Amino acid sequence: MADEGRRGEEDGGPGAAHQVFVVMESLLEKLKVLNYEEEILAKHNMKNLSRHYFVSSPFLAVNPGEQFFLFTVIAAWLINEAGRPFTAPQEHDEPNATVSNILSELRALGVKVDFPPSKLKSGSGEFVCFVLDHLAEEALKRKGFSFRRPDYPAETTEEESVMEDDAELTLSKVEEEMIEEPDDEEENVMDLEALKLRTCPTDIEASSKPEEILEATVDAAEWSLEVERVLPQLKVTVRTDNKDWRIHVEQMHQHRDGIKSSLKEATSYLDRLQEDVGKTLEKVSSREKYINNQLEGLIQEYRGAQAKLSQAKERYQQASGGVTERTRVLAEISEELEKVKQEMEEKGSSMSDGAPVVKIKQSLTKLKQEIIQMDVRIGVVEHTLLQAKLKEKSNMTRDMNATNLPEPAAGPFA
């Protein structure tokens, strides 16, 4: 992926699992800059996205189908905002084709993608946030928008000099803390001797080696008045260091006291709640016993009715078994009856049909005509045969007569 090196460094850290939440929050800010509320949510009648909408988490109860559809719609809108034409997907489109088209456009924008398209079909997770975040960056680049570091106002001296009540200490309190806690860190320990040297170095140098006993020449009343006048200006601010273990111990004691006070109040409330719950449970149990006693007869009747119902069901099952067998036999008989009816219909149709009779009559008429023709031919042949026989007989008779003629007798002229 594009940020593979950076992710490789974060994989070993304890916050690597939560990096996707940071990416999602950054993505939501970019979408707000691009005015996605009016461009996407208003058109599709959807609610505003939460900070972790596209993060895969069991604590986020979101519809996966709705997540995937909103992911594809936002991705298509961001691709168009980045300057590349892309058709908005519909709910009935093929998910694999839609995801492949989105990744193709992302590669065309110069983003390296080394994960399969199936990682985006869930509609949530690290890769979904990765794709939308890079598309949002490309859309912001095309619009000429870039995030800049915030300019913090310079702190004034008055704000630096504002002190909390707990941090204000007088010189006397500082001296007492120095006596009670001699092992404090050097940052919080005030050197009173150095403070005295800063205020009046010449007097100390002069009195470092006194030649005689010093005697006070100042009136005590005037000294007291001067001390009261200067006392508000002598307050010293000791800045608290959060790394000091004493502060942590003090905070622990404060939290412990707060927990004890809260525990007392919570314990009283819980005791009252326990008493109320106990009383309610007793009432429920007593009413339950009363209801059971009142409904004992009905329960017995109900049990008897259930026993009768089970017996009736058994008899019904036994009877239904015989009915099933008889139904099967009836089906076989009905099938045979249908076959017989079909055969009877075929025979009846063949018997009522007059076509064969007409054919027989036509055949008889044709046979009669042929018989007549044959009779004529037979008559002609018989006549011809008779003529032949007569001719032959006449020829035979002639021949016989010719052979039987007597020889002529010799007459007187011989």
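In this predicted model, helix H3 (residues 36-44) packs against helix H4 (residues 64-81) with the two axes 11 Å apart and at an angle of about 135°. H3 and H4 are therefore oblique to each other, since an angle counts as roughly antiparallel when it is over 145 degrees and as roughly perpendicular from 65 to 115. The crossing of these two helices, H3 and H4, is right-handed. On the H3 side the contact is made by Tyr36, Glu39, Ile40 and His44, and on the H4 side by Phe69, Leu70, Val73, Ile74 and Trp77. By class, the residues of the contact of H3 with H4 comprise seven nonpolar, one polar and one charged.

A second helix pair is formed by H5 (residues 95-108) and H6 (residues 126-143). The axes of H5 and H6 come within 11 Å and cross at roughly 45°. That angle makes H5 oblique to H6. H5 passes H6 in a left-handed crossing. Ile102, Leu103 and Leu106 of H5 meet Val131, His134 and Leu135 of H6 in this contact. The residues of the contact of H5 with H6 divide into five nonpolar, one polar and no charged.

The two pairs are set out below.

| Helix pair | Axes and angle | Handedness | Residue classes in the contact |
|---|---|---|---|
| H3 and H4 | 11 Å apart, about 135° | right-handed | seven nonpolar, one polar, one charged |
| H5 and H6 | within 11 Å, roughly 45° | left-handed | five nonpolar, one polar, no charged |

Helix H5 also holds Thr98. Thr98 has a relative accessibility of 9% and therefore counts as buried, the cut-off for buried being under 20%. Leaving aside neighbours within four places in sequence, Thr98 is in contact with Thr72, Pro89 and Asp93. Thr72 lies within the residue range of H4, 64-81.

Turning to the chain as a whole, the secondary structure of the protein chain comes to 14 helices and two strands. The protein chain has 414 residues, of which buried residues make up 17%. The exposed surface of the protein chain is about 33600 Å², and carbon and sulfur atoms supply 55% of that area. Among contacts between residues at least 6 apart in sequence, 65% join residues at least 24 apart.

Note on methods
Residues numbered from 1 in each chain as written. Predicted model: local features only at pLDDT ≥ 70, side-chain atom pairs only at ≥ 80, totals over all residues. Heavy atoms only, no water. Axes fitted to C-alpha atoms, helices over the stretch in contact; angles between N-to-C directions. Helix = DSSP H or I, 4+ residues; strand = E, 2+ residues; numbered from the N terminus. Parallel < 35°, antiparallel > 145°, perpendicular 65-115°, else oblique. Left-handed = near helix turned anticlockwise from the far one by under 90°. Contact = heavy atoms within 4.5 Å. Nonpolar A, V, L, I, M, F, W, Y, C, P; charged D, E, K, R; others polar. Buried < 20%, exposed > 50% of the residue type's maximum accessible area, 1.4 Å probe, protein only. Areas by Shrake-Rupley, 256 points an atom, 1.4 Å probe, with all protein chains shown as cover.
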